[in-house]
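Visitor: I would like a close look at a single part of this protein, strand by strand and residue by residue. Please start there and then set that part beside the rest.

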Amino acid sequence: MICLVLSGSTIEENISQFKRNREYVDLVELRIDLLHESSRSLASKFPDMVDLPVILTCRRQSDGGKYVGSEKSRGALLESCLDGNFAYVDIEDDVKRSAAELKARERKVRIIRSRHDFTGMPSDIFHRISKIAAKGDIPKMAVTPQSVLDLITLFRVKTELAAVGEKIVLGMGDFGFPSRILYKRVGSMLTYCADTPVAPGQISAQKMKELYRADTVDDRTHIFGVIGNPVLHSFSPEIQNPGFKGINFNAIYVPFHVDSVRSFFILAEMIKISGVSVTVPHKQNVLPYLGKITREVKQIGSCNTVVRAKNLWMGTNTDYYGFVDPLLVEIDNKNIQSALVIGAGGAARSVVWALRNHGCKVTIINRNLDRARNLALETMAAFDSLDNATKYEHVDLIVQTTSVGMVPDSDNDPIPDFKFNKQQTVYELVYRPKYTKMLARARESGCKLLFGIDMLIRQGKLQFESFTGYHYPKRLEQTLHLEED
Ligand code: NAP
């Protein structure tokens, strides 16, 4: 079930949140601690105003809520609200037998016994869940995994506690995010969503239902994802998930915040992940885990796509092809023969190798000169310092591969004094914003522009082919765009 947390401060606001989200959710949670005091007396009427089951919750501050009164007054408020037709009431695990609990039992309202941990995971999480379930209540554990190993513990709940039918288990924060999406694989009866997040990692109900289709996950769903650190901002779920839906492939694509690639591959075996995209900083870290790699991965020393092949993981690099594809005709026509590559990081490796393999003369300029030198030696390119950019104003192609200009750093330009001319092609790898400061200058000079977002989509489509064996659905291509465009 997908549960919408109503975060409004009045009943009217909550009704409009409900209406906006009705088609995406199966039940709602009314957070009376978030209501203005004047609206709290109306809470008992709320369940009759909506046509879905309602959870009644009054969260105190220590558990991430807004209720500031005494425990006695909180108990009394819950008890009076229970005059309404609530389906569930959330009472924290440490609250002793209360009048609200007695009233809930009398009125056959199911009790959710919750525990929140905003800094870590209780070491006895399995025991706690079993203990609450033994009393006939629904255990709820909202915890904060601090590593992929903690996330593995959450995914073990499903098998270790298979006998506990109804339970709510979710990981908050970056490491916990996959457990919110793959809640069925964690064994949780529901996942929480909100228009305005009231806990770390919550997303909108529309995203949960339409982008991730989290409620359709079953035992046969293939799990794919993107691993990185940070990764939750990644655009890749918005490429892959609609593609899976478009070809009727029972699969889901989830971002995994990864501290240790080694732990991730343990998780991948455990929950049978079928393939992943790999982003910063793991493109090199994954190499030791790959049983088979393509020629480009070997040459570049960097892998951005991993798929499960028979008994081994296979690594490819779609950045390489996603980058070079729109240049091939111009390179063939000899309109592009020389290039200036700004940056010498992971992305620059694919760029420089692709240009060199296609016969372009390349100069790499970078802030850290040693890094530029090393990549230049490997690829038989030239190198220089970033400060000398203006020496190369005559080149046919300028490729910007550093993270300079990316939001929130969008006022910066890595080569502010460089003068473009209209014969040049300028290729920006940063994809947020679409027009970086540097690219906006190149546009003013009349240059031909190539965008980071288009490269991202091209490489994503190639990953889709590796994941599914099918072409990306053509009709979906024009729907791929960033929210800010
Ligand atoms: P990376 O390996 O961390 O390399 C970062 C590069 O940026 C290095 O050359 C670094 O120079 C340079 N840099 C960082 N901050 C700088 C600053 N303040 N001034 C000057 N140079 C600076 O990262 P990456 O994987 O190469 O990714 C770089 C960018 O490319 C990111 O924005 C990423 O989103 C984008 N990218 C886009 C696509 C796509 O499909 N559009 C694909 C891959 C990457 P030093 O060596 O001196 O530190």
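Guide: What follows starts at one strand, moves to its partners, and then turns to other parts of the chain. The model is a predicted one.

The part chosen is strand β18, which covers residues 397–400. Both of its faces are covered. L397 and V399 lie on one side, I398 and Q400 lie on the other, and all four are buried. The strand also has partners along its edges. With strand β15, residues 338–342, β18 pairs in the parallel sense over four bridges. In that pairing V341 stands opposite V399 of β18. With strand β19, residues 425–428, β18 again pairs in the parallel sense, and four bridges join these two strands. Here I398 is the residue that stands opposite V426 in β19.

V341 also appears among the contacts of another residue, T363. T363 belongs to strand β16, which runs over residues 361–366. Its relative accessible area is 12%, under the 20% cut-off, so T363 counts as buried. Leaving out residues up to four places away in sequence, T363 touches A339, L340, V341, A382, F383 and Y392.

Two helices can be taken next, α15 with residues 346–357 and α16 with residues 369–379. Their axes come within 10 Å and cross at roughly 30°. An angle under 35 degrees counts as roughly parallel, so α15 is roughly parallel to α16. The crossing of these two helices is right-handed. On the α15 side the contact involves A348, R349, V352, W353 and R356, and on the α16 side L375, E378 and T379. Sorted by class, the residues of this contact are four nonpolar, one polar and three charged.

A second helix pair can be described in the same terms. Helix α3, residues 71–81, packs on helix α4, residues 99–106, at an angle of about 15°, with the axes 8 Å apart. These helices are therefore roughly parallel to each other as well. The crossing of α3 and α4 is left-handed. G75, L78, E79 and S80 of α3 make the contact with A99, A100 and K103 of α4. That contact has three nonpolar, two polar and two charged residues.

Elsewhere in the chain there is an open sheet of six strands, in the order β10-β9-β11-β13-β14-β12. The pairing in this sheet is mixed. β10 (251–257) and β12 (292–293) stand at its edges, and each has a single partner strand, so one side of each is left without a neighbour in the sheet. Within the sheet, β11 (residues 273–278) and β13 (residues 305–309) pair in the antiparallel sense over three bridges. S277 has T305 of β13 as its bridge partner.

As for the whole protein, there are 18 helices and 20 strands. The C-alpha atoms fill a box of roughly 80 × 50 × 40 Å, taken along the principal axes. Of the 485 residues, 57% are buried. Among contacts between residues at least 6 apart in sequence, 67% join residues at least 24 apart.

Key
Residues numbered from 1 in each chain as written. Predicted model: local features only at pLDDT ≥ 70, side-chain atom pairs only at ≥ 80, totals over all residues. Heavy atoms only, no water. Axes fitted to C-alpha atoms, helices over the stretch in contact; angles between N-to-C directions. Parallel < 35°, antiparallel > 145°, perpendicular 65-115°, else oblique. Left-handed = near helix turned anticlockwise from the far one by under 90°. Contact = heavy atoms within 4.5 Å. Nonpolar A, V, L, I, M, F, W, Y, C, P; charged D, E, K, R; others polar. Pairing = 2+ DSSP bridges. Buried < 20%, exposed > 50% of the residue type's maximum accessible area, 1.4 Å probe, protein only.
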